[in-house]
Amino acid sequence: MKGTVIDMETVREQLVKRPAKQSDIFVKYGAWAVAAIIITAAIFTLVPLGEIFIVAAALLTMLVLWGAYYVSGLANVEYEYCIAGAEFSVDKIVNQSKRKTLCSFNLKSAAGFYKTKKELSDATVISAESYGEVYTIEYSDPKYGRTLVYFSPDERTLEMITPYLPRLS
């Protein structure tokens, strides 16, 4: 293989946690508070009615606890930035189980790269930021048009994407 150049595609994934919002805290603890109220009401209402209602109260308790667990998990959001060569994608992961791709595009087609949260009135915004510095990539999406992606890359991710992007503004 003398003289052969092998192009190894570089792949990087960075997982970041979404900062907790006031509404996240309300959803997380509110779900458990509502569950406690429903379970208490079910026990005091159904148990005195007899044996068959004790089984119904137990089933209702399990159902309500599962619902509270599910709803409180909706506040647990992470973002994954994936770089494969010049391809960049951002996925939203809810409760470490549900994944949805927010955007995917070629970094070479980006119109701008900014070290701040760029504000444009006529653009679609994809917010996938975490703690730390927020960067913005501007690109044109076939479905949404002019799009801004807010994200918080670490040093290694920045090193991998900057060769494909316009100069940092």
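**Exercise 1. Work out why Cys 103 has no disulfide partner.**

Step 1: Recall the criterion, a pair of cysteine sulfur atoms within 2.5 Å.
Step 2: Find the closest cysteine sulfur to that of Cys 103; it belongs to Cys 82 and is 11 Å away, too far for a bond.
Step 3: Cys 82 is therefore in no disulfide either, and the count comes to zero disulfides.

Before moving on, a note on the model: it is predicted, so local features need pLDDT of at least 70 and side-chain atom pairs count only at pLDDT 80 or more, while totals for chains, interfaces and linings use all residues. Residues are numbered from 1 along each chain as its sequence is written, and side-chain values use heavy atoms, with hydrogens and water left out.

**Exercise 2. Decide whether Cys 82 and Cys 103 are buried or exposed.**

Step 1: Take the cut-offs: buried is under 20% relative accessible area, exposed over 50%, partly exposed in between (1.4 Å probe, protein chains only).
Step 2: Cys 103, with 4%, is buried.
Step 3: Cys 82 has 19% relative accessibility, so it counts as buried.

**Exercise 3. Classify the ring pair of Phe 113 and Tyr 135.**

Step 1: Rings of Phe, Tyr and Trp (its six-membered ring) pair if their centres lie within 6.5 Å; planes under 30 degrees apart are stacked, over 60 edge-to-face, the rest tilted.
Step 2: Here the centres are 5.8 Å apart and the planes at 20°, so the pair is stacked.
Step 3: Both Phe 113 and Tyr 135 are buried.
Step 4: For context, the structure holds eight aromatic pairs, and ring pairs link a cluster that includes Phe 113, Tyr 135 and Tyr 139.
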